[in-house]
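Student: I should like to take a close look at a single part of this structure. Could you please choose a strand and explain its surroundings in connected form?

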Amino acid sequence: KILKETTLWDSLLLFTKKGLCYKIEVSDIPTTTIQEKGLSLYDKYGITKDAFSDILPTRNLLNSDKAEKYYVLIMTKDGRISRQKLSEYKQMKNGIRTILLDSDKKDIVMSVSLAKDKDYIFSCSSNGYGKSLELEAIRSYTLKSKGIGTYCVPPARHANSLIGMDTTETNGCGY
């Protein structure tokens, strides 16, 4: 389900369904053959009652001065979206809570994306509704904030939930 482009010099931010974030350097993931299983990230981080929902390659920005210009967007199944500065992830310890979820509603993290000022956010729901909005429409939170963002696509009747989100620059040229 998750396929991302990265380089050996990148850091990856791994997000779980329960809103925890773990960081790993791509160079720390061993190269294997097709027959090998590879590195168990669940064992590495001691994760037993959670699952990874998305991976965010930081494009070598996490350890640079450019981190101040970028945001991490976290979208949940129930349509909540949170915006946080990428620079807040620089000195993070593994297993930090990134977003406060409504446990009684069984809300989970569905998608994570990297954005910067003037970018647009695109989201799609399971009922086939799409929405586009400017990054500035989403209030910025800190990692320690209890704020959980705003509804990106309001859940409608039946089993409507968000299934994906991505961002693009206004001029569409990429990063």
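Tutor: The following account begins with strand 4 and then turns to the aromatic rings.

The model is a predicted one. Strand 4 covers residues 70–76. Of its residues, 7 of the 7 are buried, so strand 4 is largely enclosed by the rest of the structure. Its side chains point in two directions: Tyr70, Val72, Ile74 and Thr76 go one way, while Tyr71, Leu73 and Met75 go the other, and all of them are buried.

Strand 4 has neighbours to consider. Strands of a sheet pair through backbone hydrogen bonds, and the pairing may be parallel or antiparallel. Strand 4 runs antiparallel to strand 7, and 7 bridges join the two. Within this pairing, isoleucine 74 has valine 112 of strand 7 as its bridge partner. Strand 4 also pairs with strand 5, residues 80–85, in the antiparallel sense, here over 5 bridges. Valine 72 is matched with glutamine 84 in strand 5. Strand 4 and strand 5 form a hairpin with 3 residues between the strands, where glycine 79 takes a positive phi near 95°.

The side chains of strand 4 also lead to the nonpolar cores. The largest nonpolar core has 18 residues, and those that touch the most other members are Leu13, Phe15, Leu56, Val72, Ile74, Leu86 and Tyr89. Strand 1 (11–16), strand 4 (70–76) and strand 7 (109–116) are the elements that give two or more residues to this core. Leucine 86 shows how such a residue is surrounded: leaving aside neighbours within four places in sequence, leucine 86 is in contact with Leu13, Thr58, Leu61, Leu62, Ala67, Tyr70, Tyr71, Val72 and Leu114. Apart from the largest core lies another, of 11 residues, which includes Tyr71, Leu73, Met110 and Met165. Tyrosine 71 has a further partner, since arginine 83 lies over the face of its ring, at 4.3 Å from the ring centre.

Strand 1, which contributes to the largest core, belongs to an open sheet. That sheet consists of 4 strands in the order 3-1-2-6, with antiparallel pairing. At its edges stand strand 3 and strand 6 (96–97), each with a single partner strand, so one side of each has no neighbour in the sheet. Strand 1 and strand 2 run antiparallel and are joined by 5 bridges. Phenylalanine 15 stands opposite cysteine 21 in strand 2.

Strand 2 also brings us to the aromatic rings. A pair of aromatic rings is described by the distance of the centres and the angle of the planes. The count of aromatic pairs comes to 4. In one of them, the rings of tyrosine 22 and tyrosine 45 have centres 4.8 Å apart and planes at 35°, so the pair is tilted. This pair links distant parts of the chain, with tyrosine 22 in strand 2 (residues 20–25) and tyrosine 45 in helix 1 (residues 41–45), 23 residues apart. Tyrosine 22 counts as buried because its relative accessibility is 8%, and tyrosine 45 counts as buried at 14%. Tyrosine 22 also forms an edge-to-face pair with phenylalanine 52, at 6.2 Å centre to centre and 80° between the planes. Here too distant parts of the chain are linked: phenylalanine 52 lies in strand 3 (residues 52–57), 30 residues apart from tyrosine 22. Both tyrosine 22 and phenylalanine 52 are buried. Ring pairs link Tyr22, Tyr42, Tyr45 and Phe52 into a cluster.

How values were computed: Residues are numbered from 1 along each chain as its sequence is written. This is a predicted model: local features need pLDDT of at least 70, side-chain atom pairs count only at pLDDT 80 or more; totals for chains, interfaces and linings use all residues. Side-chain values use heavy atoms; hydrogens and water are left out. Rings of Phe, Tyr and Trp (its six-membered ring) pair if their centres lie within 6.5 Å; planes under 30 degrees apart count as stacked, over 60 as edge-to-face and the rest as tilted. Buried means under 20% relative accessible area, exposed over 50%, partly exposed in between (1.4 Å probe, protein chains only). A charge sits over a ring if NZ of Lys or CZ of Arg is within 6 Å of the ring centre and within 35 degrees of the ring normal. A nonpolar core is a set of buried Ala, Val, Leu, Ile, Met, Phe, Trp, Tyr and Cys residues joined through side-chain atoms within 4.5 Å. Contact means heavy atoms within 4.5 Å. Two strands pair if DSSP finds at least two bridges between them.
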